[in-house]
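Colleague: I should like to go through the assignments for this chain and hear the reasoning behind each. Please set every value against its criterion.

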Amino acid sequence: MATNEQATYAPNALEAFWQERWEEAGLHRVFEETGRQKYYVLEMLPYPSGRIHMGHIRNYTIGDVLARYLRMQGKNVLHPMGWDAFGLPAENAAIEHGVHPAKWTYENIATMKAQLKRFGFSYDWSREVVTCDPAYYRWEQWMFLRFLKQGYAYKKPSMVNFCPKCQTVLANEQVLEGRCWRCDSSATLKQMEGWFLRITAFAEGLLEGLETLDGWPEKVRAMQRNWIGKSQGALVRFPVNETQDTLEVFTTRADTLFGVTFVALALEHDLLDSWYQTGRIQEAVWREIEALRQEKLSSRFEAELSKKGVLLELEAMHPLTGEKVPLLAANFVLTAYGTGAVMGVPAHDGRDFEFAKKMGLLIAEVVRPTDGSHPLEPTAFEDDGVLVNSGEFSGMASEEARRAIISKLESLGVGKGVVQYRLKDWGISRQRYWGVPIPVVYCEACGAVPVPDDQLPVVLPIDLSSKIAPGFGLAKLEGFLQTVCPNCGGSARREADTMDTFVESSWYFLRYACPDYEAGPLDTVRVHYWNPVDQYIGGIEHAVLHLLYARFFTRLLKATGVLRFDEPFARLLTQGMVIKDGSKMSKSKGNVVDPDDMVAKYGADVVRLFMVFAAPPEKDLEWNEKGIEGCARFLSRVWRLFQEVAQSLKRPFLVQEGNRESLKALEMAILRATHKVSQDIERQHLNTAVAALMECLNSFTELNDLLDSADGRLAFQGALKRYALLLAPFAPHHADELRALMGENGFAMQASWPRVEPGRIESPVKELVVQVNGKVRETLVFNGEASQEEVYRVALQSEKIKRLLEGKEVVRVVYVPGRLLNLVTQ
């Protein structure tokens, strides 16, 4: 469009023009520059399982604002994009549409890439990564073989989570309250053989590393701490009478050991099957166990679970007293946590108390409050206290007793003090087609044999005669499975499982640094120039999935000598969802807003502005058509002002000197906006940064008298040049166009971010937010400290606040000095 002479406001033409100029100039490409401060901004890469939605646009707009701002600050900014192309999301969508996953995926990538480009995001597309490309997953297979050699990857039979609908195994982290993370079906438990990565070897490091992540939301760190689940306690052995078996039980409350009145096993515990097969569990009892096993796994995670159990004929022996203890199979014990068996102490555990009452089991008090009371009815006493009915340990305080009892267990060889983690090794085997083949073959003579490096990648077959449907996997592709053993040359069969898609997303951010590197998985020079990621942006739903796996993978690559750092992401921003009509946008609810429609109607810059203005980044954003129309009006007003000033520069001026008060007001308006926008972007308060731009525009429009004078016009021109730079991270197309109107050359992204020289603003300047019923409605600026009375008085003079308070009574005023004033009305 290039438009010094163009007066018609046409945002779509304007944006297309500048995107073409950016592309021609290679504006968004970056290279390593020694001696220049780098900054790596990254948003989580999308699944190409459909089209771009508004949630994507919000995420990527936040990242683009930060990337553009930091580049204008002089930093060497890496801002790449790629595609998490393998796995259940893409495969399920392809099956639903009756298309081959490869065709579906690559067509979606083309569509989504065009959508992203239309928004003007400053991605260096030369670094694009597609995880289903053999050039990418070749190196994932290479890494797997190193992990296997060093003992970090292994295969074993185990009880695993299984999704009947997706027809595949799920890692513990992918079962959310008993349901599949992808299709929300109730998962089941199934005995299968599969591959695991030894994440438990890094449990303590992952836990300790959280304390170094000051740039992460505490909520995410807490979720990971809870998932890793470090507990200090005792592992206690209960021999099972009439067998050679011993049950191991973990407890954090060794002080309650004398109160054990039963031991409960998970319904899927291996010993139950063994005892049934050897006749130690009778048929009638086994049918009861089988009936409980048929209940949905998801129901076992419900807070109000009806606790059920089956009494076994076998009994355990108490390791300290030698007394017989009933054994039961119970639905509230889960194989995924602990040892799959728990000791029941109903007097001092609420769940055990409820179960014992229902099953008619003994309740034995062994810890009493320090005041000597007996608070066992109507529930258990779960706090520390003083031991009673505990033999030689009676009279001890709980903490002392725990140490003494653990020492006793160790001396008798029937237990030991241990540190245990809730975290289990990561099961990565998937019985699906659309994934990375695991590079192992099986030979009758040689056993399991790793595929040699020179035979990588083991390529996923794309040309298929069979139609892909749920349950379709590599096990059905006989031509793929048949191969030759690399050791002996005899016939062999390939591994039929593929890797969990979260393996690909656990290291993609490293490959962005060197996507063209072919001598190995990573060019360590370039990887260590750019990494760790300085600012990562994505949804909190990945707290114990992708974010935990990526942290683990980084440590794993360090342990195998590839990397020199522990943590992949220095800072994390978890953006809120985009919701409409009170709920998350979804096709089933009929509340989806198509980004393409919004761009066609308003232009990309308007949508970008709304995405960061409508709510703070970490909060949910409620879609509001009036809000986006307001952003469109704002940019239109900006355009008109720049046009007006540009035209005035061509007209004869009426006077030489402008009104001094107006000149001062103009100067202060742009300096305050510069200060506010800079400060708010640094703090990631992007919504208030946009509000500051809007407020500054209001100030400008009240100073039109300056356009009658020569120095007024020049002052306005200078202020608008600076204003265009402040606008650039949010509305980059308009910023470049507006700079051209003011006679500037080049691109805003290559210009220096404006600064406020010390002393230019009458200082000290205090910016204070005014809220009405908790919502930000105004920003006030004060010279020096302001009292509550002064702030309240000035706030009531604001036209905006006046309108909001009309007909209402202010019932409470909340004032945080120097930060905010909240007016509560009724």
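Colleague: Which residue stands opposite methionine 159 in strand 9?

Modeller: In this predicted model, glutamine 191 of strand 9 stands opposite methionine 159.

Colleague: How do you know that strand 5 and strand 9 pair?

Modeller: Two strands pair if DSSP finds at least two bridges between them. Strand 5 (residues 153-163) and strand 9 (residues 188-197) have 10 bridges, in the antiparallel sense, so the criterion is met.

Colleague: What makes strand 5 and strand 6 a pair?

Modeller: Strand 5 and strand 6 (residues 168-170) share 3 bridges, again antiparallel, and at least two are required. Asparagine 161 stands opposite leucine 170 of strand 6. The hairpin of strand 5 and strand 6 has 4 residues between the strands, and glutamine 167 in this hairpin takes a positive phi near 55 degrees.

Colleague: What is the strand order of the open sheet of 3 strands, and why are strand 29 and strand 30 called edge strands?

Modeller: The order is 29-28-30, with mixed pairing. Strand 29 (583-584) and strand 30 (621-622) are the edge strands: each pairs on one side only. Strand 28 (residues 578-580) pairs with strand 29 in the antiparallel sense over 2 bridges, and the cut-off of at least two bridges is therefore satisfied. Isoleucine 579 has lysine 584 of strand 29 as its bridge partner.

Colleague: Why is the contact of glutamate 32 with arginine 127 called a salt bridge?

Modeller: The closest N and O atoms of glutamate 32 and arginine 127 are 3.4 Å apart. The cut-off is 4 Å from a side-chain nitrogen of Lys or Arg to a carboxyl oxygen of Asp or Glu, so the contact qualifies. The pair links distant parts of the chain, 95 residues apart: glutamate 32 is in the loop between helix 1 and strand 1 (38-43), and arginine 127 is in the loop between helix 4 (101-118) and strand 4 (129-130).

Colleague: Are glutamate 32 and arginine 127 buried or exposed, and how do you know?

Modeller: Buried means under 20% relative accessible area, exposed over 50%, and partly exposed in between. Arginine 127, at 6% relative accessibility, is therefore buried. Glutamate 32, at 30%, is therefore partly exposed.

Colleague: What makes glutamate 354 and lysine 307 a salt bridge, and which parts of the chain does the pair tie together?

Modeller: The closest N and O atoms of glutamate 354 and lysine 307 are 3.4 Å apart, which is within the 4 Å limit. Glutamate 354 belongs to helix 10 (residues 350-359) and lysine 307 to the loop between helix 9 (283-293) and strand 13 (309-317), so the pair ties together parts that are 47 residues apart in sequence. Lysine 307 is buried because its relative accessibility is 10%, while glutamate 354 is partly exposed because its value is 41%.

Colleague: How do you know that lysine 802 and glutamate 799 meet in a salt bridge?

Modeller: The N to O distance of lysine 802 and glutamate 799 is 3.5 Å, and the limit is 4 Å. Both residues lie in helix 25, 3 residues apart, about one turn of the helix. An α-helix has 3.6 residues a turn, so residues three or four places apart point the same way. Lysine 802 has a relative accessible area of 41% and is therefore partly exposed. The structure holds 49 salt bridges.

Colleague: Why is arginine 803 called exposed, and which patch includes this residue?

Modeller: Arginine 803 has 55% relative accessibility, so the residue counts as exposed, the cut-off being over 50%. Arginine 803 is placed in helix 25 and gathers with Lys775, Arg777, Lys800 and Lys808 in a patch of positive charge on the surface. Strand 32 (775-783) and helix 25 (799-805) each supply at least two residues of the positive patch.

Colleague: Why is helix 18 described as largely enclosed?

Modeller: Helix 18 (residues 604-613) has 10 residues, of which 9 are buried, so the helix is largely enclosed by the rest of the structure. Among the buried residues are Val606, Leu609 and Phe610. Of the 826 residues of the protein chain, 56% count as buried.

How values were computed: Residues numbered from 1 in each chain as written. Predicted model: local features only at pLDDT ≥ 70, side-chain atom pairs only at ≥ 80, totals over all residues. Heavy atoms only, no water. Patch = residues over 30% accessible without salt bridge, like charges linked within 9 Å, V, L, I, M, F, W, Y side chains within 5 Å. Areas by Shrake-Rupley, 256 points an atom, 1.4 Å probe, with all protein chains shown as cover. Lys, Arg positive; Asp, Glu negative; His and termini not counted. Charge placed at Lys NZ, Arg CZ, Asp CG, Glu CD. Buried < 20%, exposed > 50% of the residue type's maximum accessible area, 1.4 Å probe, protein only.
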